[in-house]
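Me: I would like to learn how to read a model such as this one, feature by feature. Could you take me through it in order?

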Amino acid sequence: SSDRVFNFAAGPATLPENVLLKAQSELYNWNGCGMSVMEMSHRGKEFLSIIQKAESDLRTLLNIPSNYSVLFLQGGATTQFAAVPLNLCNPDDVVDYVVTGSWGDKAFKEAAKYCKPKTIWSGKSEKYTKIPAFDALEQTPGAKYLHICANETIHGVEFKDYPKPAGESTLLVADMSSNFCSKPVDVTKFGVIYAGAQKNVGPSGVTIVIIRSDLIGHAQTITPVMLDYKIHADNNSLYNTPPCYGIYMCGLVFEDLIAQGGLSEVEKKNAYKAGILYDAIDGSKGFFRCPVEKSVRSLMNVPFTLAKPELEAEFVKEAAKEKMVQLKGHRSVGGMRASIYNAMPLAGVEKLVSFMKDFQARHD
Ligand code: PMP
């Protein structure tokens with residue numbers, strides 16, 4: 001509605017308007033039970049119905065097979081940077097990281113505390129604008145897992161397909177924080193998928209882990225109880241008090257994604273939205289530029305710069321005046337970034353594109 005802005009933030013990010021309105025309508029008294037979701041016991045039948053529905057809808061959306069567990073955790077994706085090696089490796093195990101941006105690099109650095117990670121490819125020297133050719137990857141024989149960041153939120157590079165781990169028993173592990181539920185994914189290719197909720201599926205405070213069940217139960221002895229997947233799996237994500245309200249919000253988003261026709265439909269919308277934005281950048285005769293190699297441009301996070309960098313602050317300021325906010329690029333890369341997750345309406349991207357054309361006409 002007219003009192004809302006178009007919020008291009010990278011996360012926490014915009015949520016679907018109908019989801020917010022539904023949450024508002026249920027806030028005071030959920031389903032006639034006389035209290036809000038924030039106030040109910042996480043062990044009561046009301047909340048159990050909420051978390052079970054959220055899990056079952058997520059399973060429907062991503063077609064998650066029954067031999068995979070779904071965990072609703074806390075601590076953000078950052079906590080998973082440690083939990084993954086702690087649960088999958090012994091301290092002497094070698095694991096491979098493909099580093100396509102800052103998040104992959106952070107994951108690699110955290111893993112070094114708990115096992116022996118190796119960066120087998122890094123896009124750093126090319127300013128993280130590429131994804132490597134998979135056949136050129138020099139995977140370590142016997143590596144426990146191969147870790148990728150499926151979408152680098154800051155640099156805007158996205159895997160369009162996934163590398164196959166070279167070893168028979170090597171697992172593929174992916175940080176999908178910033179493209180989770182933005183398109184269908186073949187979960188069976190992965191040992192573990194993890195994602196913070198606050199970009200595509202809910203508020204911050206919920207972290208979702210999808211893990212092949214046989215990988216659970218082998219954590220290092222030093223693993224804190226809150227990081228041990230077995231503890232959470234055995235207790236259906238209710239070992240301790242979970243982020244109840246956040247899980248409820250994720251559930252509303254999952255319902256909304258199903259109502260939209262599921263993730264293939266969602267992907268089509270995302271591809272269209274990103275397409276018109278990249279076309280506007282590429283069609284600007286160099287006034288706007290996106291540094292990312294075309295074939296791996298993210299459908300979620302679109303970084304761009306101005307040929308005249310001195311105009312960037314003006315661009316961000318004028319856009320904000322027109323109710324398009326959070327367009328400043330990440331402090332580490334500068335320029336601009338438009339995050340256009342599932343919940344960014346087409347109207348928001350169209351408005352940005354027309355603003356960009358107008359801005360160029362006034363400043364070219
Ligand atoms: N991985 C990716 C790809 C991210 O975008 C982020 C957050 N921007 C993180 C990890 C860290 O997530 P959190 O803040 O939930 O720990």
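**Reading the model**

Reply: Let us begin with the ligand and its surroundings, bearing in mind that the model is predicted. The shell around the ligand is made up of Gly-11, Gly-76, Ala-77, Thr-78, Trp-103, Cys-149, Thr-153, Asp-175, Ser-177, Ser-178 and Gly-196.

Me: Which helix gives the largest share of the shell around the ligand?

Reply: That is helix α3, spanning residues 76-88, from which three residues of the shell come. When the shell is sorted by class, seven of its residues are polar, three are nonpolar and one is charged.

Me: Gly-11 is listed around the ligand; which residue is joined to Gly-11 by a cis peptide bond?

Reply: The partner is Pro-12, and the omega angle of the bond between Gly-11 and Pro-12 is about -5°. As for its place in the chain, Pro-12 belongs to the loop that runs between β1 (6-7) and α1 (17-27).

Me: Backbone angles can also be read one residue at a time, so to speak; what is phi of Tyr-128 near?

Reply: Phi of Tyr-128 is near 55°, which is a positive value in a residue that is not glycine. Tyr-128 is found in the loop between β4 (116-122) and β5 (145-149).

Me: Let us turn to the packing of helices. How should I read the pair formed by α3 and α4?

Reply: One looks at the distance between the axes, at the angle, and then at the hand of the crossing. The axes of α3 and helix α4 (residues 102-111) are 8 Å apart and the two helices pack at an angle of about 45°, and α3 and α4 are therefore oblique to each other. Their crossing is right-handed. In this contact Phe-81, Ala-82 and Pro-85 of α3 meet Lys-106, Ala-107, Glu-110 and Ala-111 of α4, and by class the contact has five nonpolar and two charged residues, with no polar ones.

Me: At roughly what angle do the axes of α2 and α6 cross?

Reply: The axes of helix α2 (residues 45-62) and α6 cross at roughly 40° and come within 9 Å, and α2 is therefore oblique to α6. Here the crossing is left-handed. Among the residues of α2 that meet α6 are Phe-47, Ile-50, Ile-51, Leu-58 and Leu-61, while the α6 side includes Ile-247, Tyr-248, Phe-254, Leu-257 and Ile-258. The residues of this contact divide into 13 nonpolar, two polar and three charged.

Me: And which helix does α1 pass in a right-handed crossing?

Reply: The helix that α1 passes in this right-handed crossing is α6. The axes of α1 and α6 come within 10 Å and cross at roughly 135°, which makes α1 oblique to α6. From α1 the contact takes Asn-18, Val-19, Lys-22 and Ala-23, which meet Met-249, Leu-252, Val-253 and Asp-256 of α6. By class, there are five nonpolar residues, one polar residue and two charged residues in the contact of α1 with α6.

Me: Finally, what domains does the domain assignment of the chain give?

Reply: The assignment gives domain 1, covering 18-259, and domain 2, covering 262-363. The centres of domain 1 and domain 2, taken over C-alpha atoms, are separated by 27 Å.

Me: How many residues of each domain are in contact with the other?

Reply: In domain 1 there are 24 residues in contact with 23 residues of domain 2. On the side of domain 1 that touches domain 2, the elements giving two or more residues are β7 (157-158) and α6 (244-259). That side of domain 1 has eight nonpolar, 10 polar and six charged residues. Helix α6 thus recurs in this account, since α6 also meets α2 and α1.

How values were computed. Residues are numbered from 1 along each chain as its sequence is written. This is a predicted model: local features need pLDDT of at least 70, side-chain atom pairs count only at pLDDT 80 or more; totals for chains, interfaces and linings use all residues. A residue is near a molecule or strand if its C-beta atom, placed from the backbone, lies within 6 Å of it. Helices (H or I, at least four residues) and strands (E, at least two) are DSSP runs, numbered from the N terminus. Ala, Val, Leu, Ile, Met, Phe, Trp, Tyr, Cys and Pro count as nonpolar, Asp, Glu, Lys and Arg as charged, and the others, Gly among them, as polar. Domain bounds come from an automatic or database domain assignment. Two residues are in contact if their C-beta atoms, placed from the backbone, lie within 7 Å. Axes are lines fitted to C-alpha atoms, for helices over the stretch in contact, and angles run from 0 to 180 degrees between N-to-C directions. Angles under 35 degrees count as roughly parallel, over 145 as roughly antiparallel, 65 to 115 as roughly perpendicular and the rest as oblique. A crossing is left-handed if the near helix is turned anticlockwise from the far one by less than a right angle, and right-handed if clockwise.
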